Amino acid sequence: MNIAVVGTGYVGLVSGACFAEMGAVVTCVDVDRKKVEMLRSGVLPIYEPGLEDIVERNHREGRLDFSEDLASCIDSVEIIFIAVGTPPDEDGSADLSHVLEVASSVGRMMNRYILLVTKSTVPVGTSVKVKETVRHELGLRGLNLEFDVASNPEFLKEGAAVKDFMSPDRVVVGVDSQRARELMSRLYRPFLLNNFRVIFTDIPSAEMIKYAANAMLATRISFMNDIANLCELVGADVNMVRRGIGSDSRIGNKFLYPGCGYGGSCFPKDVKALVRTAEKAGYEMKVLKAVEDVNDRQKGILFRKLSEACGGNLAELTVALWGLAFKPETDDMREAPSLVTISLLLDAGCHVKVYDPVAMDECRRRLGDSVEYASDMYEAVQDADVLLLLTEWKQFRMPNWPVIRMNMRRPFVIDGRNIYDAAEMEGAGFLYSSIGRKSPECEK
């Protein structure tokens with residue numbers, strides 16, 4: 001089967017490469033000529049474990065190609081996926097301009113039946129707009145060609161996207177015709193060989209499923225952060241609380257880890273977009289507004305803990321940060337708690353030293369020379385007054401604490417992801433603070 005994927009961002013590149021890995025002939029299309037040239041030469045614009053090998057192999061074997069021109073492949077493909085960005089507008093709603101531009105291009109170029117599938121995260125009703133846009137362009141050409149529109153939202157976790165695509169929990173496909181259903185069934189048939197679930201729905205339901213899933217996960221995170229903050233005030237241990245409620249089969253233990261807030265390209269954007277979708281429909285999403293408020297507040301929790309511990313006097317402190325990406329196994333810093341934390345620290349007059357295994361270049365692009373960049377995790381803590389952990393990379397889990405204590409000016413650690421044992425840290429001579437436990441006072 002020949003398909004095209006328009007957009008070579010995170011979703012488009014992973015999807016195109018993995019479809020090619022399963023035997024489809026895929027053309028990934030992007031208007032950015034430099035990006036297309038880089039991809040053809042094997043240079044990826046994103047960091048994602050396992051993706052580089054899949055792209056290189058399938059490009060070499062002729063199943064995966066890259067182009068800046070949809071016209072170069074539109075006459076040979078049966079399905080076109082729209083995987084362009086839908087960034088938030090000023091009011092938080094999803095910007096559909098790139099999605100509709102692809103639809104317009106298809107209407108201007110198509111000469112036979114095509115199935116146009118939205119893989120970008122889009123609000124309910126987008127498929128109607130896509131269909132109207134294609135029909136408008138066909139009308140200008142005096143044509144009445146048959147085509148279908150479908151919705152196939154992605155559920156990829158950054159850092160595990162290849163695994164998620166190749167071994168999905170479920171594949172959701174929204175269609176409104178038998179022909180579209182048959183085409184999507186053919187495309188996903190290789191996945192069915194391993195009994196993966198393909199859930200066919202109507203198109204509006206498929207569009208809603210994506211937003212509802214991300215909103216539910218964001219809600220669980222903010223709920224646990226609220227519980228953690230209360231635990232500190234009443235003397236409870238949030239780790240024990242988490243294990244207690246997670247053992248309930250009705251609740252489960254996923255996404256119940258407290259921390260310094262969620263970030264990334266999906267949860268913040270999708271929560272905002274769902275709230276705005278509801279407003280346009282005349283309904284108020286009170287729970288999701290609270291989820292958003294809790295998360296915004298939580299991103300500053302490590303700064304508040306440091307400020308409270310040191311009596312508000314942070315000027316000229318040297319602060320080491322471990323972790324810049326919003327989560328491990330990615331270089332993505334979009335909406336990352338580290339950005340909020342660094343901004344607060346700099347405004348308070350701190351000297352900030354940072355280290356992340358893969359997000360250093362992204363940090364330089366965003367923050368320039370406003371922070372000091374360490375070559376490794378141990379250089380970051382040299383002469384530091386405090387160490388803040390923001391991203392739970394595996395290499396941070398078992399550091400050499402005696403070396404760190406010797407190199408720090410003050411042995412003070414604030415753990416924003418609760419990955420260290422409090423008794424062990426105190427036994428190693430550290431002043432230790434985490435999420436959901438009473439914080440110590442800074443030594444004067």
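**Exercise 1. Is Asp65 buried, exposed or partly exposed, and what surrounds it?**

*Solution.* Start with the surface: Asp65 has a relative accessible area of 37%. Buried would need under 20% and exposed over 50%, so Asp65 counts as partly exposed. Bear in mind that this is a predicted model.

Next, place the residue in its element: Asp65 belongs to strand 3, which covers residues 64-67. Then list its contacts. Leaving out residues up to four places away in sequence, Asp65 touches Val26, Thr27, Cys28, Arg40 and His59. Finally, try a distance: from C-alpha to C-alpha, Asp65 and Leu138 lie 28 Å apart in space, with a sequence separation of 73 residues.

**Exercise 2. Work out how helix 1 is oriented to helix 3, and which residues make the contact**.

*Solution.* Two numbers come first, since a packed pair of helices is described by the angle between the axes and the distance between them. For helix 1 (residues 10-21) and helix 3 (residues 51-60), the axes cross at roughly 55° and come within 9 Å. That angle makes helix 1 oblique to helix 3. As for the hand, the crossing is left-handed.

Now look at the residues. Helix 1 contributes Leu13, Val14, Ala17, Ala20 and Glu21, while helix 3 contributes Leu51, Ile54, Val55, Arg57 and Asn58. Sorted by class, this contact of helix 1 with helix 3 has 7 nonpolar, 1 polar and 2 charged residues.

**Exercise 3. Repeat the analysis for helix 8 and helix 9: which hand does their crossing have?**

*Solution.* Helix 8 (residues 203-234) and helix 9 (residues 238-246) pack at about 135°, and their axes are 9 Å apart. Roughly antiparallel would take an angle over 145 degrees, so helix 8 and helix 9 are oblique to each other. Their crossing is right-handed.

On the helix 8 side, the contact uses Met224, Ile227, Ala228 and Cys231; these meet Val238, Val241, Arg242 and Ile245 of helix 9. The class count for this contact is 7 nonpolar, no polar and 1 charged.

**Exercise 4. Find the strand order of the open sheet of 6 strands, and the helix 13 that packs on it**.

*Solution.* Read across the sheet: the order is 11-10-9-12-13-14, and the pairing is parallel. At the edges sit strand 11 (372-373) and strand 14 (431-433), each paired on one side only.

Zoom in on one pair: strand 9 (residues 318-322) and strand 12 (residues 386-389) share 4 bridges in the parallel sense. Within it, Val319 has Val386 of strand 12 as its bridge partner.

Last, add the helix. Helix 13 (residues 337-347) packs on the sheet and touches strand 9, strand 10 (351-355) and strand 12. The direction of helix 13 makes about 155° with that of strand 10.

Note on methods
Residues are numbered from 1 along each chain as its sequence is written. This is a predicted model: local features need pLDDT of at least 70, side-chain atom pairs count only at pLDDT 80 or more; totals for chains, interfaces and linings use all residues. Side-chain values use heavy atoms; hydrogens and water are left out. Axes are lines fitted to C-alpha atoms, for helices over the stretch in contact, and angles run from 0 to 180 degrees between N-to-C directions. Helices (H or I, at least four residues) and strands (E, at least two) are DSSP runs, numbered from the N terminus. Angles under 35 degrees count as roughly parallel, over 145 as roughly antiparallel, 65 to 115 as roughly perpendicular and the rest as oblique. A crossing is left-handed if the near helix is turned anticlockwise from the far one by less than a right angle, and right-handed if clockwise. Contact means heavy atoms within 4.5 Å. Ala, Val, Leu, Ile, Met, Phe, Trp, Tyr, Cys and Pro count as nonpolar, Asp, Glu, Lys and Arg as charged, and the others, Gly among them, as polar. Buried means under 20% relative accessible area, exposed over 50%, partly exposed in between (1.4 Å probe, protein chains only). Two strands pair if DSSP finds at least two bridges between them.
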